[in-house]
Amino acid sequence: MGLVLVQGAAVVAVLALLWLLPEADAHLARARALGRRLGLVPPPVPAPVAPPIEQIAADLWRIGSALHDAPPGTPVARRRGWLAAYDDVLVAACRGLDLDQSLESYPPGARRDLERERVERMLVRAGLGPLRR
């Protein structure tokens with residue numbers, strides 16, 4: 001009789017495993033949610049929304065240097081692309097450091113160029129270092 005109970009328990013355990021296994025992720029998510037409600041599992045760490053400031057600084061340096069050191073004869077479309085990318089990274093840096101900028105509000109031209117220079121100086125003063133070679 002004892003052997004039959006052990007074998008029956010083994011069969012039930014295998015069947016339960018086969019029943020739970022296909023949806024293991026859903027079961028684990030429910031278990032984590034229950035653990036959080038009971039205070040047994042810490043809340044999930046929020047994922048960063050923006051890239052780290054070190055990556056932004058590296059992008060600023062790389063794109064700024066490419067823009068500044070562009071050889072004569074570089075196509076205008078490439079320079080405009082670099083400039084647009086540089087402006088995007090400047091805006092991301094300002095957001096990452098919680099600095100005010102209005103670079104996005106100006107169309108290409110003299111006012112945007114002046115704002116770009118102001119933002120560059122502000123980022124250097126904030127400690128982002130030289131933005132190009």
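**Group meeting: a salt-bridge network, a pocket and a core**

Let me start with the network of salt bridges that links D87, R112, D113 and R116, where a salt bridge is a side-chain nitrogen of Lys or Arg within 4 Å of a carboxyl oxygen of Asp or Glu. Please keep in mind that this is a predicted model, in which local features need pLDDT of at least 70 and side-chain atom pairs count only at pLDDT 80 or more, while totals for chains, interfaces and linings use all residues. Residues are numbered from 1 along each chain as its sequence is written, and side-chain values use heavy atoms, with hydrogens and water left out.

The structure holds six salt bridges, and I will go through some of them. Side chains of opposite charge can pair when their charged atoms come close. R112 pairs with D87, the closest N and O atoms being 2.9 Å apart, and this pair links distant parts of the chain, with R112 in helix α5 and D87 in helix α4, 25 residues apart. When I say helix, I mean a DSSP run of H or I with at least four residues, numbered from the N terminus. Both R112 and D87 are buried, and here buried means under 20% relative accessible area, exposed means over 50%, and partly exposed lies in between, with a 1.4 Å probe and protein chains only.

The network also contains a bridge within one helix, in which the side chains of R116 and D113 meet at 2.8 Å, N to O. These two residues are three residues apart in helix α5, so they are separated by about one helical turn. R116 is buried, with a relative accessible area of 9%, whereas D113 is partly exposed, at 33%.

A further bridge in α5 joins R118 and E115, again with 2.8 Å from N to O, and these residues, too, are three residues apart in the helix and therefore separated by about one helical turn. R118 is partly exposed, with a relative accessible area of 31%, while E115 counts as buried at 7%. Leaving aside neighbours within four places in sequence, E115 is in contact with Q101, S102, L103 and Y106, where contact means heavy atoms within 4.5 Å. The C-alpha atoms of E115 and E104, which are eleven residues apart along the chain, are separated by 9.5 Å.

Now to the pocket, and which residues line the largest one? They are R80, L83, A84, D87, P108, G109, R112, D113 and R116, a list that includes D87, R112, D113 and R116 of the salt-bridge network. The volume is about 160 Å³, taken as the space filled by probe spheres set on grid points joined across faces, edges and corners. For the record, a pocket here is an open set of points on a 1 Å grid over the protein atoms alone, where a 1.4 Å probe fits, with protein on both sides within 12 Å along at least five of seven lines, and lining residues have an atom within 4 Å of a point. The elements that give two or more residues to this lining are α4 and α5, and the largest share, four residues, comes from α4. By class, the lining divides into three nonpolar, one polar and five charged residues, with Ala, Val, Leu, Ile, Met, Phe, Trp, Tyr, Cys and Pro counted as nonpolar, Asp, Glu, Lys and Arg as charged, and the others, Gly among them, as polar.

Let me turn to the core. The largest nonpolar core has 16 residues, and those with the most contacts inside it are L60, Y86, L90 and L123; such a core is a set of buried Ala, Val, Leu, Ile, Met, Phe, Trp, Tyr and Cys residues joined through side-chain atoms within 4.5 Å. Helices α3 (53-68), α4 (76-97) and α5 (110-128) each supply at least two residues of this core, with the largest share, six residues, coming from α4. L60 touches, beyond residues up to four places away in sequence, S65, Y86, V89, L90, A93, L123, L128 and L131. The buried residues of α5 include V119, M122, L123 and L128, and what covers the buried residues of this helix includes α3 and α4.

Finally, two backbone details. Most residues other than glycine have a negative phi. D98, in the loop between α4 and α5, has a positive phi near 60 degrees, and D98 is exposed, with a relative accessible area of 70%. After α5 comes G129, whose phi is positive, near 80 degrees.
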